[in-house]
Amino acid sequence: MKIGIIGAGNIGATLARKLAACGHEVKLANSKSPHTLEDLANKIGVHAVTKEDAVSDVDAIILSIPFAKYPDLRQTLSRIPEKVVIIDTSNYYPGRDGPIKEVDDGKPESVWVSEQIGRPVVKAWNAVLAATLAGHGQPVGASSRIALPVAGGDINAEAIAQDLVEDTGFTALAAGSLEDSWRQQPGTPAYCTELKLPELKSALCAADKLRAPQNRDALMTRFMTPGSNFTHEEIVAMNREQTA
């Protein structure tokens, strides 16, 4: 499959590496220039390109940029064929992104993203820590395989996103429509808690829309405490504890 990825941070770069290793043809872009990505691209076997090139002649586009930057992509994505699947990996954090009233009032994050870029998206890989994505994938059938939620409004687009999630070493769970994708946003039991498939199904059902933003902000306060230095395992445990 031909895949374009915009965003070369921890999530975007890891997805590029993993998907290229599975045999996909991957183009990677960032907010600067292809030159700044050449070393990384050569190392992981992908093509460093501009944003415009990343979305040209591809089957799927993965967006992994800061949440508040999505309006900037509307023009870049304006002429993409409808058959191209667009996958959103982002999450909203008001302290980082600035307040966005529609989302603060309850609009699901990926619904807002779809409105900003003028195209429906599938929400995937948002509910996983970068370290989990990079180092905790398992082959199909492994008893310890972590499951990740995938939400969207088009069955074909969701199926493609689910296949790509599986390629990165995680079990993909169909998590409902994009309107339901708040169940995998920050502060919910499904978010960055490293659950296996049965547990993830229960976590999505247990999500509380009113509590989620409160949980998110409480966790960020704990994580940002001066002098704190939490291990990966501690972060996962704190996510589970806060959202239980």
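This report walks through the sheet, the nonpolar cores, helix 7 and two buried charged residues of a predicted model.

## The sheet

Let's start with the sheet. Six strands form an open sheet in the order 3-2-1-4-5-6, and their pairing is parallel. Strand 3 (47–48) and strand 6 sit at the edges, each pairing on one side only.

Strand 5 (85–88) is a good place to look at the pairing. Four bridges link strand 4 to strand 5 in the parallel sense, while two bridges join strand 5 to strand 6, again running parallel. D88 takes part on both sides: its bridge partner in strand 4 is L63, and its bridge partner in strand 6 is K123. The side chains of strand 5 are split between two directions, with V85 and I87 pointing one way and I86 and D88 the other. All four of these residues are buried.

## Two nonpolar cores

The largest nonpolar core has 31 residues, and those touching the most other members are I5, L15, V46, I62, I87, W125 and V165. Elements giving two or more residues to this core include strand 1 (2–6), helix 1 (10–21), strand 2 (25–29) and helix 9 (155–167). Helix 1 provides the largest share, five residues. A second core, separate from this one, holds 25 residues, among them V49, I61, L77 and V84.

For a closer view of the largest core, try I62. Not counting residues up to four places away in sequence, I62 touches I3, G4, I5, I6, L15, L19, I87, T89 and W125.

## Helix 7

How enclosed is helix 7 by the rest of the structure? Eight of its nine residues are buried, so helix 7 is largely enclosed. The buried residues are E109, S110, V111, W112, V113, S114, Q116 and I117. Their cover includes strand 4 (60–63), helix 4 (74–77), strand 5, helix 6 (101–104) and strand 6.

Just after helix 7 comes G118, which has a positive phi near 75 degrees. The loop between helix 7 (109–117) and strand 6 (122–123) also contains R119.

## R119, a buried arginine

Which side chain of opposite charge is nearest to R119? That side chain is E82, at 6.9 Å, and R119 is buried without a salt bridge. A salt bridge would need a side-chain nitrogen of Lys or Arg within 4 Å of a carboxyl oxygen. The side chain of R119 does reach the backbone oxygen of I80, at 2.8 Å.

Leaving aside neighbours within four places in sequence, R119 is in contact with L77, I80, P81, E82, V84, I86 and S114. Several of these have appeared above: L77 and V84 are members of the second core, I86 is a buried residue of strand 5, and S114 is a buried residue of helix 7.

## K123, a buried lysine

K123 lies in strand 6. Is K123 buried or exposed? K123 counts as buried because its relative accessibility is 0%. Its side chain makes a polar contact with the side chain of S110, at 3.1 Å, and S110 is itself one of the buried residues of helix 7.

Beyond neighbours within four places in sequence, the contacts of K123 include D88, S90, N91, E109 and S110. Others on the list are P149, V150, A151, L178, S181, Q184 and Q185. D88 is also the bridge partner of K123, and E109 is a buried residue of helix 7.

Technical notes
Residues numbered from 1 in each chain as written. Predicted model: local features only at pLDDT ≥ 70, side-chain atom pairs only at ≥ 80, totals over all residues. Heavy atoms only, no water. Buried < 20%, exposed > 50% of the residue type's maximum accessible area, 1.4 Å probe, protein only. Lys, Arg positive; Asp, Glu negative; His and termini not counted. Polar contact = N/O pair within 3.5 Å; in protein donor to acceptor, adjacent residues only side chain to side chain. Contact = heavy atoms within 4.5 Å. Pairing = 2+ DSSP bridges. Core = buried A, V, L, I, M, F, W, Y, C linked by side-chain atoms within 4.5 Å.
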